[in-house]
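Reader: Could you take one helix and walk me through how it sits among its surroundings? Start there, then work outwards.

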Amino acid sequence: MSTTVSFPVPAAHGPRTVTLSYARVGSGEPLLLLHGIGHHRQAWDPVIHLLAGERDVIAVDLPGFGASPALPDGLRHDLPTMNAALAALCEALEIERPHVAGNSLGGLLALELGREKLARSVTALSPAGFWTESERRYAFGVLQAMRSTARRTPLPLVERLSRTAAGRTVLTSTIYAHPARRSPEAVVAETLALAQATGFEETLRAGIGVRFADDIPGVPVTVAWGARDRLLLRRQGVRAKRVIPQARLVRLPGCGHVPMNDDPALVARVILDGSR
């Protein structure tokens, strides 16, 4: 069950009110979950019940995605603003330095929170920001094509395709290694989330020129990469290890770019091990 919280975020001409949707379940040390661009917090549904036995899990819809509205005028969908918004969210929820796990864009945001010492541990699943320029252009081109397809495909056709394994493969094989394992309802919901994401274009534009180039001393970091990631190729994980030498680099066999559905037990174990 999701709820919303509103809080002020500093801006050049005075604070702006940001509203985020989130779901919270479980008990233990807090664990913040951040999804990728064009997705929504339900991307984490396959692993949440596995995490909630040991962690107070907060899965967030990032600004302009899922049920969260885009950022208000005066705030950009860039890394400094997202850092400030997520820090303000934690303050509003009375969470001090949570463990943070993120996928893709969410992985980059998790690393940024670690760099700012706002996270007690970081687990980044196929994080953005370790690409070459040609790899970034390729990934952005694929994302734009996925967005365009989601917006052009009529809902009845999405629903019809989602009822078969072949149809789910057509709709989601770019991000899942095993798209047939995704439920029809989840495929419809995430296709709609991609089509309706009000923050998609601005977030993508803000990613041009972004590279994560700083070490994160003093914070345990795990970087995990799907062996079958077709969006951000796994060699980018080797670059991440060079940038963050103390990071634990984990291979996720049989997993694609969004590994939580491909192997929930493995992903949950990697996150819990990284946050112990």
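Author: Sure, let's start with helix α4. Its buried residues are Glu135, Arg136, Ala139, Phe140, Val142, Leu143, Met146, Arg147 and Ala150, where buried means under 20% relative accessible area, exposed over 50% and partly exposed in between, with a 1.4 Å probe and protein chains only. They sit on the same side of α4, because they cover an arc of only 160 degrees around the axis, the arc being that of the directions from the helix axis to the C-beta atoms. Helices here are DSSP runs of H or I with at least four residues, strands are runs of E with at least two, and both are numbered from the N terminus.

A quick word on the source: this is a predicted model, in which local features need pLDDT of at least 70 and side-chain atom pairs count only at pLDDT 80 or more, while totals for chains, interfaces and linings use all residues. Residues are numbered from 1 along each chain as its sequence is written, and side-chain values use heavy atoms, leaving out hydrogens and water.

Back to α4, residues 133-152. Its 20 residues should span 28 Å at 1.5 Å a residue, and its end C-alpha atoms are indeed 28 Å apart; the expected span is 1.5 Å times one less than the number of residues. The buried residues of α4 pack against α7 (184-196), α8 (200-206) and α9 (235-243), with contact meaning heavy atoms within 4.5 Å.

Take α7 next. With 13 residues, α7 reaches 18 Å from its first C-alpha to its last, close to the 18 Å expected. Ala186, Val187, Val188, Glu190, Thr191, Ala193, Leu194 and Ala195 are buried in α7, and the buried residues of this helix pack against α4, α5 (155-162), α6 and α8. Serine 162 lies in α5 and counts as buried at 2% relative accessibility. Beyond four places in sequence, serine 162 is in contact with Arg168, Leu171, Pro184, Val187 and Val188. Over in α6 (residues 165-172) you'll find alanine 166, which is exposed, with a relative accessible area of 55%.

On the α9 side, have a look at lysine 241, which is found in that helix. Lysine 241 counts as partly exposed at 33% relative accessibility. Not counting residues up to four places away in sequence, lysine 241 touches Gln246, Ala247 and Leu249. Phenylalanine 130 is 111 residues from lysine 241 in sequence but 9.8 Å away in space, C-alpha to C-alpha.

Phe130 also turns up among the contacts of leucine 111, along with Val122, Ala124, Pro127, Phe212, Ile216, Val221 and Ile244, leaving aside neighbours within four places in sequence. Leu111 is one of the residues touching the most other members of the largest nonpolar core, which has 86 residues. Such a core is a set of buried Ala, Val, Leu, Ile, Met, Phe, Trp, Tyr and Cys residues joined through side-chain atoms within 4.5 Å. Helix α2 (residues 79-92) gives the most to this core, with seven residues.

Finally, the sheet: eight strands form an open one in the order β1-β2-β4-β3-β5-β6-β7-β8, with mixed pairing; strands pair if DSSP finds at least two bridges between them. β1 (2-9) and β8 (248-252) stand at the edges with a single partner strand each, so one side of each has no neighbour in the sheet.
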